[in-house]
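Here are a few exercises to work through with the structure open beside you. Try each task before you read its solution.

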Amino acid sequence: MTSYIEEFNGIEKPKDYYDDLFVQLEKLNDEYHAFNVINKDADCGFLFGTKANICVKGFETDAGSKMLKGYAPSFNATAVERMLSDKRFAFAGVTGMDEFGFGTFGTNTEVPARNAFDKEYAAGGSSSGAAVAAALMKYHVSIAESTGGSIATPAALNGVVGFTPTYGSVSRYGLIDYANSLDKIGVMARSSEDARIVFDRIRGRDEYDTTCAVEKITSERRKKIFVINGMLEKADASIKTSFEKLLNRLGNAYEIEHVDSSMMEMAIAPYYIIAMAEASTNLAKYTGYKYGLMAEDFYKQYNEFFTDVRENFGMEAKRRILLGTFIRSASVKDKYYTKALVIRSMLIREMDRMLKEGYILSPTLPIKAPRIADVRKLSPVESYSMDLFTIPPNLGGFPHISFPYDYVDGMPLGAQLVTGHGNDYAILDFVKSWEEGFEYRYKTNLGEL
Amino acid sequence: MKIGLEVHVALPTRSKLFCSCSTEAAEPNSSICPICMGFPGSKPMLNRGAVEAAMGIANALHCPINRGISFVRKVYFYPDLPKSYQITQMEGAVGSNGYLAIGEKRIRIRRVQIEEDPAQIIRDGALTLIDFNRSGTPLVEIVTEPDISSEEEMRSFISSLRSMLYYLGVDINKEIKADVNISMAETRVEVKNVTGIKNMIETLRFEIERQTELIRAGEEIARETRGYNEKSKSTQTLREKESDEEYGYVFEPDLTVFDIAELKFNEPVYANDVAVGLANGTDVSPRTVSEIIMLDRDSLRQIERLRGRHSLRSIIHGIERYKKYGRAGRVADKVLDNIVLLIEEGKEVPKEAIVDLESGKEARVEYSQLSDEQLDELINKYLEENPALVREYVKQPKTINLIIENIARGNGLHPKEVARKLMPILAKVAEGK
């Protein structure tokens, strides 16, 4: 598979290319709601969109929340700055997401994005708009972010590549925090090659983010693929069937080994504990007097004042603030938060051992794309358990990539490949060779030349 | 009675703790950026200078320096706190388990931690204004164990601490701020944010009286946080039942763990100990010496420079004279040399003398005015008492200078005046020998 970025920048564009494109994109966007904001000033370069929690100077960056309505940052995120300073790229706009990244299906926001394959279906979350944009437009990449699966999940549901790099390889400066020890900026694209080009552009040390310290990226090929028994069992039958076919095809080139991993199987609880604990502190700053949603009545006691403003958080955000605050309180902190940190380091050790030997492969999601109406019926815990496969690599900061491998009833399925810290190129290479024998399908190829 | 302190000291860095904004801006809200305003997406960057200064303090307080330091988020809602959490330290603090000696007693130090200062709230009539210039300026919090048991101990703890900070180069022009924890009985009462030693003592006095009163009446002392009111010199309830529960501390994930083993810091000077050493074997009390040098490194330097040549008493006297009349912030070596010489000659050194010395002239010094008869008498008496010197003079006429100096210095006389009368007398005496 070629790089769309190289292909696009190598050919002459019609004179009105961008004007025509934006007219069509606006029309299409009214149906799919991929973008919150479209930058119609773009007039040369390969388009990139940014998830609405990545700061772009002067553009509304609302993190999918009413609390940040109208908030236009005064600075660019480091990743954005690095893209904008490269003539190959042009900023396309801001893509929609679950409020502050809290969601598996993209429905936790005022106007959810729709699946690029069928509008009745969920786009996946939380980087929902980013995935849909990549699936709608031929020449476009999305800069997105994952905390517990927010890149892999929507990528899988929209049939694009979703690459989440090693924690600390891409600066988080300018990323509106969900859970700082888990948040990773990554790329969603129509080819692994484009994901790699953008990754190379945005990665590397940044004095503005202390945790951005991974400089060296390797491409150490593994000969073995691990499949985790206890986890695969939890997937729907149809998913299992398709996934078995994938394993059969890979069986020629790789040694497939089915193993157990108690740590990976129990990763959901510690993940949500850490994520909620951190999130509840990150959301404390939204008090309605400095930016975003501004309170009108300032003649109140401060407690009353900020409590009134914070009514405007969505349901899921409120749930996580309450749970996260509870988890942090002194009387239960050791029981939940401290224990979760311990389990997290045990998980990292266990996965590290496996990943030295082979990759870990799984379906990205245990289910097929659900209808938006069905998502709304899920309880919070049912919804969290959909992150079963994406959580372990996210909790451990391991690079992982979701790639389309099958289409069932016209909807794409994604598989997730995980490797060790810093070995990001290996999984990009893996998907690149997979793409040689696989044909991507799309409903629309907006911007096609 | 148990008293524990949480002392807050501003660290002497030019930029803020987590961003490069200046710490010295005057115009309100002129030294702010996305980081110290806590804008969404911004992240803290740790100021190395602040860590080094804090390490110097922890080391001076005999805390073993932790090799890896980390930070926590302390969450509470107040308009001066832009992120609604303060970045501070707990287990990963710069230093812990140290002490500061006050005389024979050691006040144990639980922790020395780095933290960011919140913004400043300015009440203007019905309005509450916020100046974010202060937001994110670096502080060190020194947490003591409740080892202080009297007003006097608190006073000497604070003064030793101030002196130690001063010698480390931590600017303490601003008054020391502290939270004062006082328990007369079992229950701890915390009085928040008391500024300056004077108010700390007033706070203590008020609380002793209040809590004693409650105990006497058989009432319970509530565990609470109180505030000090400077006007009424009293404390009032701010919040009841304050506990760590509400702060919901979590590890600060944006800062990870820093290895500080390679960082350098200043070595401490304990002025009280230095004073004891200097006063040893002299007629000056260590207390007098420490009062001079506690917050004055230049005086310490002068004492160390001159003490081989002059008595400690004269040096200190000279320094005090200069402090009273001198024009410059610190005395020039040559000026102090002359002042001390004059003092050792038995002169009171008046303001005019110091003005003369500072402008490079000979000092106008008050000499005793004696009649010729009195002077004759004095000289004769001296010569009778020192026959050896007279014999010496016969052999070596230069000895006259020593005799002049001794008589002049011993009696506050001008040497020329002494010489005028001495020469004929000495000539006569010498003839007789």
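**Exercise 1. A salt bridge across the interface**

Find the kind of link that joins the side chains of Asp177(A) and Lys43(B), keeping in mind that the model is predicted.

Solution. Start with the atoms: the N to O distance between these two side chains is 2.7 Å. The cut-off for a salt bridge is 4 Å between a side-chain nitrogen of Lys or Arg and a carboxyl oxygen of Asp or Glu. Asp177(A) and Lys43(B) therefore form a salt bridge. Next, place the pair in context: two salt bridges are counted between chain A and chain B. Polar contacts between the two chains, with both residues at pLDDT 80 or more, come to 16 residue pairs.

**Exercise 2. The side of chain A that touches chain B**

Describe the contact between chain A and chain B by its residues, its buried area and its elements.

Solution. Begin with the residues: chain A gives 39 to the contact and chain B gives 36. Then take the area: the two chains bury about 2900 Å² between them, and 61% of that is on carbon and sulfur atoms. Within the area that chain A buries against chain B, 18% comes from Thr210(A), Lys285(A) and Arg328(A), more than from any other three residues.

Now turn to polar contacts and elements. There are 16 residue pairs in polar contact between the chains, both at pLDDT 80 or more. On the side of chain A that touches chain B, the elements giving two or more residues are α10 (268-282) and α11 (302-309) of chain A. The largest share, four residues, comes from α10(A). To finish, sort that side by residue type: 19 are nonpolar, eleven polar and nine charged.

**Exercise 3. A buried lysine**

Which side chain of opposite charge is nearest to Lys16(B), and how far away is it?

Solution. First locate the residue: Lys16(B) sits in the loop between β1 (2-10) and α1 (48-60) of chain B. The nearest side chain of opposite charge is that of Asp131(B), 7.4 Å away. A salt bridge needs 4 Å or less, so Lys16(B), although buried, has none. Then look for another polar partner: a polar atom of the Lys16(B) side chain lies 2.8 Å from the backbone oxygen of Ser31(B).

**Exercise 4. A covered helix**

How many residues of helix α4 (residues 128-136) of chain A are buried, and which elements are among those that cover them?

Solution. Count first: nine of the nine residues are buried. Among them are Ser128(A), Gly129(A), Val132(A) and Leu136(A). Then look outward: the cover includes α2 (17-32), β1 (35-38), β3 (89-95), β4 (140-146), α5 (152-158) and β6 (184-189) of chain A. Finally, step into the loop between β3 and α4 of chain A, where Ser126(A) lies. The peptide bond that joins Gly125(A) and Ser126(A) is cis, with omega about 5°.

**Exercise 5. Positive phi values**

Compare the backbone and exposure of Asp409(A) and Thr256(B).

Solution. Most residues other than glycine have a negative phi. Asp409(A) has a positive phi near 50°, and Thr256(B) has a positive phi of about 50°. Now place each one: Asp409(A) lies in the loop between β10 (400-408) and β11 (411-418) of chain A, while Thr256(B) lies in the loop between β14 (250-251) and β15 (258-259) of chain B. Last, exposure: Asp409(A) counts as exposed because its relative accessibility is 67%, whereas Thr256(B) counts as partly exposed because its relative accessible area is 28%.

Definitions and conventions: Residues numbered from 1 in each chain as written. Chains lettered and ligands numbered in written order. Predicted model: local features only at pLDDT ≥ 70, side-chain atom pairs only at ≥ 80, totals over all residues. Heavy atoms only, no water. Contact = heavy atoms within 4.5 Å. Buried area = accessible area lost by both parts, 1.4 Å probe. Polar contact = N/O pair within 3.5 Å; in protein donor to acceptor, adjacent residues only side chain to side chain. Nonpolar A, V, L, I, M, F, W, Y, C, P; charged D, E, K, R; others polar. Buried < 20%, exposed > 50% of the residue type's maximum accessible area, 1.4 Å probe, protein only. Lys, Arg positive; Asp, Glu negative; His and termini not counted.
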